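Visitor: I'm new to reading protein models. Could you walk me through this one?

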Amino acid sequence: MAPAGALPLVELALEHLGGAVVTEHPPAVAEAIPVAVFLADKPDRARVVALLADAGVAVPEVTIEALPDMDWVAESQKALPPIQAGPFYVYGAHVTAPPPVASIPLLIDANAAFGTGRHESTRGCLVSLAALAEKRRVRRALDMGCGSGILAIAIAKLWGGSVLAVDNDERAVRVAAENARVNGVSSAIDARHGDGYRCPAVGADAPYDLIVENILADAICAMAPDLMRHLAPGGIAVLSGLLTEQADEVLAAHAPIRLKRQWRLDDWVTLVLEK
Ligand SMILES: C[S@@+](CC[C@H](N)C(=O)[O-])C[C@H]1O[C@@H](n2cnc3c(N)ncnc32)[C@H](O)[C@@H]1O
């Protein structure tokens, strides 16, 4: 049960486990809302609690139970219909219908990495990248906190340049590399394991025309000086994973880089900054 006010952060934290996050919205306003995540393997309780604590919420009651012997991941994936985010059509391997004509297909299965495209923070990045592609060229990009690699793949498909995709979770790096392969863009994407800008490949490939960070507000603020050092003059930063009320703090951390545009989706905001 998640406190209603903390629901967005609880859902965001649970997405890190992979699988499908399902929230039951009660018909009437409720103080506590049931949130379930369906996983192939039993999760480590300490990891679940740590993810919730890292998201800055009071840790709600956590119940872990085995479900009857079925392929629950396959079942839950069936419940994940394709989504459209701007020109992007994000779908899982269980979808057999061809992608709509003129869409940009992104084949991303719910897996052990954040980034099925369903979260508002990811969708905010996808629509802002598509809008940027109408006016800008990007040759070298950095996807910091790549998760499933969805944004790196979107960038490679929009611009065709090179993308460095970094995550501090080794499983996410493996998933991102595999997703790049199944989407036919592995030659454009270099997926690396590392802690933020301390990852040696980040400095080696700098400066970047585009840096995307969909992490959490605190981490984004802490990385701000590094982002500014690694972004080329005139370069663009797309920052997401922020609740609307955190936008000012994130902007202040990146001054004097200017806000160019912002995209709001429910409680979440994606900022587009220009150096
Ligand atoms: C919210 S997910 C975003 C995933 C994907 N980019 C998307 O937009 O859906 C944030 C990702 O950042 C990674 N991350 C968090 N802190 C990091 C750090 N210091 N260095 C690298 N990756 C980090 C997490 O492991 C996670 O995969």
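Visitor: Which residues does alanine 152 touch, not counting residues up to four places away in sequence?

Guide: Keep in mind that this is a predicted model. Contact here goes by C-beta atoms within 7 Å. Leaving out residues up to four places away in sequence, the list for alanine 152 is Asp143, Cys146, Val163, Ala165, Ala176, Ala180 and Ile189.

Visitor: Which helix gives the most to the largest nonpolar core?

Guide: That core has 62 residues, and Ala152, Ala154, Ile155, Ala165, Ala176, Ile211 and Ala237 touch the most other members. In soluble globular proteins, nonpolar side chains tend to be buried together. With nine residues, the top contributor to this core is α5.

Visitor: Why is one side of β10 and of β13 left without a neighbour in the sheet?

Guide: Let's follow the open sheet of seven strands, ordered β10-β9-β8-β11-β12-β14-β13 with mixed pairing. β10 (189–193) and β13 (258–265) stand at the edges, so each has a single partner strand.

Visitor: In β9, which residue is the bridge partner of leucine 142?

Guide: Look at β8 (residues 140–144), which pairs with β9 in the parallel sense over five bridges. On the β9 side, the partner of leucine 142 is leucine 164.

Visitor: And the ligand: which element supplies the largest share of the shell around it?

Guide: Of the 22 residues around the ligand, Gly115, Thr122, Gly145, Gly147 and Asn214 come nearest. The shell divides into 10 nonpolar, nine polar and three charged residues. α4 (120–133), α5 (150–159) and β9 (162–167) each supply at least two of them. The largest share, three residues, comes from α4.

Methods. Residues are numbered from 1 along each chain as its sequence is written. This is a predicted model: local features need pLDDT of at least 70, side-chain atom pairs count only at pLDDT 80 or more; totals for chains, interfaces and linings use all residues. A residue is near a molecule or strand if its C-beta atom, placed from the backbone, lies within 6 Å of it. Helices (H or I, at least four residues) and strands (E, at least two) are DSSP runs, numbered from the N terminus. Ala, Val, Leu, Ile, Met, Phe, Trp, Tyr, Cys and Pro count as nonpolar, Asp, Glu, Lys and Arg as charged, and the others, Gly among them, as polar. Two strands pair if DSSP finds at least two bridges between them. A nonpolar core is a set of buried Ala, Val, Leu, Ile, Met, Phe, Trp, Tyr and Cys residues joined through C-beta atoms within 7 Å. A residue is buried if 20 or more other C-beta atoms lie within 10 Å of its own, exposed if 12 or fewer, and partly exposed in between; C-beta atoms are placed from the backbone. Two residues are in contact if their C-beta atoms, placed from the backbone, lie within 7 Å.
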